[in-house]
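Biologist: I'd like to go through this model with you. Can we start with what the terms mean and then go to the contacts?

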Amino acid sequence: MLYLKLKQTSKIIIVFVLFLLYGCKKEVKTDNDTKTTSDVIWATIVYNDVFTQIDAIFKNNVLLTKDSITSERYGCVVVSKKFDTIFPKIYLLDFGGSNCQGSDSRYRRGRIYLSFSNYYSRPGTIVNVSFVNYYVNDCKVEGAYSIQVEQNIDLSENIIYNIRIQGGSILTSTGRIFYSGTFAREFVGGQNTEYPILNDDVYQINSLSVKGTSANVEDFTAVLGSPLKYYNNCGWFIGGVLLVNIYSREQRVVTFNSNICSNIANVNISGKDYSLTLR
């Protein structure tokens, strides 16, 4: 009798152990979530776009030499000078109170204030940027933003724009993305054509180091795997690799299409590839 009870008890223990083992295996899920990665890319695009909007206007250095300018229209934005001082020069970029679609098909509204310490593209110049109810595709953009100009010390002598975002946040329909850090954008192509011919301008993001929290409340950091290319005639990055690290998850390796202007990126997670449609 005791033997039968022990035998039954042993069977129960074995069944219980097997249940735990197989039960645990069933709980293991494939790590294929790209929500945070999408947020990181979107924030990088948005803060890169802030520079693109400024660059498209102030490459025309005539704006900074006009003492009596009141306002001029550049596509969706009206540019006005706020004070008749030598330097710093204060300008307002007003995109209006309702959405205006740019040549890149994105919608913008709101205001951006700029303070120039010297002429645009002159090494040493600092441009401080502030946002007032500024939106891109109905996402509210905030934070302290600055651009510092320097010249590449190598033989190319290209202009480099060092961009810093402090306390950055983007309010989206699914939550708020917090995003802070730095990246360096080098002017690498199109220098031989003067303003207003800008579509052939090519920039390369040579360094990037950012951190923040995604809309679904995951902490992240991101750095470059290889430089990102940005063409003025394309609203997406062309070529390059972004490495996204998410707390307690596998690293995401984001590769941008190097052949065509595309809103599709490849995300590799633990050796598996996933297609991501960019915003």
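Modeller: A salt bridge here is a side-chain nitrogen of Lys or Arg within 4 Å of a carboxyl oxygen of Asp or Glu. This is a predicted model, in which local features need pLDDT of at least 70 and side-chain atom pairs count only at pLDDT 80 or more, while totals for chains, interfaces and linings use all residues. Residues are numbered from 1 along each chain as its sequence is written, and side-chain values use heavy atoms, with hydrogens and water left out.

Biologist: How many salt bridges are in the whole structure?

Modeller: The search finds eleven. In one of them, R108 pairs with D49, and the closest N and O atoms are 2.9 Å apart.

Biologist: Which parts does that pair tie together?

Modeller: R108 lies in strand β5 (residues 107-116) and D49 in helix α2 (residues 35-58), so the pair links parts that are 59 residues apart in sequence. Helices (H or I, at least four residues) and strands (E, at least two) are DSSP runs, numbered from the N terminus.

Biologist: Are R108 and D49 buried or exposed?

Modeller: Both R108 and D49 are buried. Buried means under 20% relative accessible area, exposed means over 50%, and partly exposed is in between, using a 1.4 Å probe and protein chains only.

Biologist: What about R106?

Modeller: R106 forms a salt bridge with D104, with 3.7 Å between the closest N and O atoms. R106 counts as buried because its relative accessibility is 4%, whereas D104, at 26%, counts as partly exposed.

Biologist: Which residues are joined into one network?

Modeller: D31, E218, R249 and R252 are, through salt bridges that share partners.

Biologist: New topic. How many disulfides does the structure hold?

Modeller: Two, where a disulfide is a pair of cysteine sulfur atoms within 2.5 Å. One is formed by C76 and C100, with the sulfur atoms 2.0 Å apart. C76 lies in the loop between β1 (71-74) and β2 (77-81) and C100 in strand β4 (residues 100-101), so this disulfide ties together parts 24 residues apart in sequence.

Biologist: And the link with C234?

Modeller: C234 is joined to C261, also by a disulfide, with S to S at 2.0 Å. C234 sits in the loop between β12 (228-231) and β13 (237-238), and C261 in the loop between β15 (252-256) and β16 (264-269), so the parts tied together are 27 residues apart in sequence. C234 is buried at 4% relative accessibility, and C261 is partly exposed at 43%.

Biologist: Which links are left-handed or right-handed?

Modeller: The link of C76 and C100 is left-handed, with -75 degrees about the S-S bond. The link of C234 and C261 is right-handed, with 85 degrees.

Biologist: Now the empty space. How many cavities of 30 Å³ or more are there?

Modeller: The count comes to two. On a 1 Å grid over the protein atoms alone, a cavity is a set of points where a 1.4 Å probe fits but cannot get out, and lining residues have an atom within 4 Å of a point. Grid points are joined across faces, edges and corners, and a volume is the space filled by probe spheres set on the points.

Biologist: What lines the largest cavity?

Modeller: Its lining is I45, N48, D49, R106, Y230, G235, W236 and F237. The space in the largest cavity is about 40 Å³, and α2 gives the most to the lining, with three residues.

Biologist: And the second largest?

Modeller: The second largest cavity holds about 30 Å³ of space. S38, I41, W42, I45, L276, L278 and R279 line it, with α2 giving the most, four residues.

Key: On a 1 Å grid over the protein atoms alone, a cavity is a set of points where a 1.4 Å probe fits but cannot get out, and a pocket is an open set with protein on both sides within 12 Å along at least five of seven lines; lining residues have an atom within 4 Å of a point.
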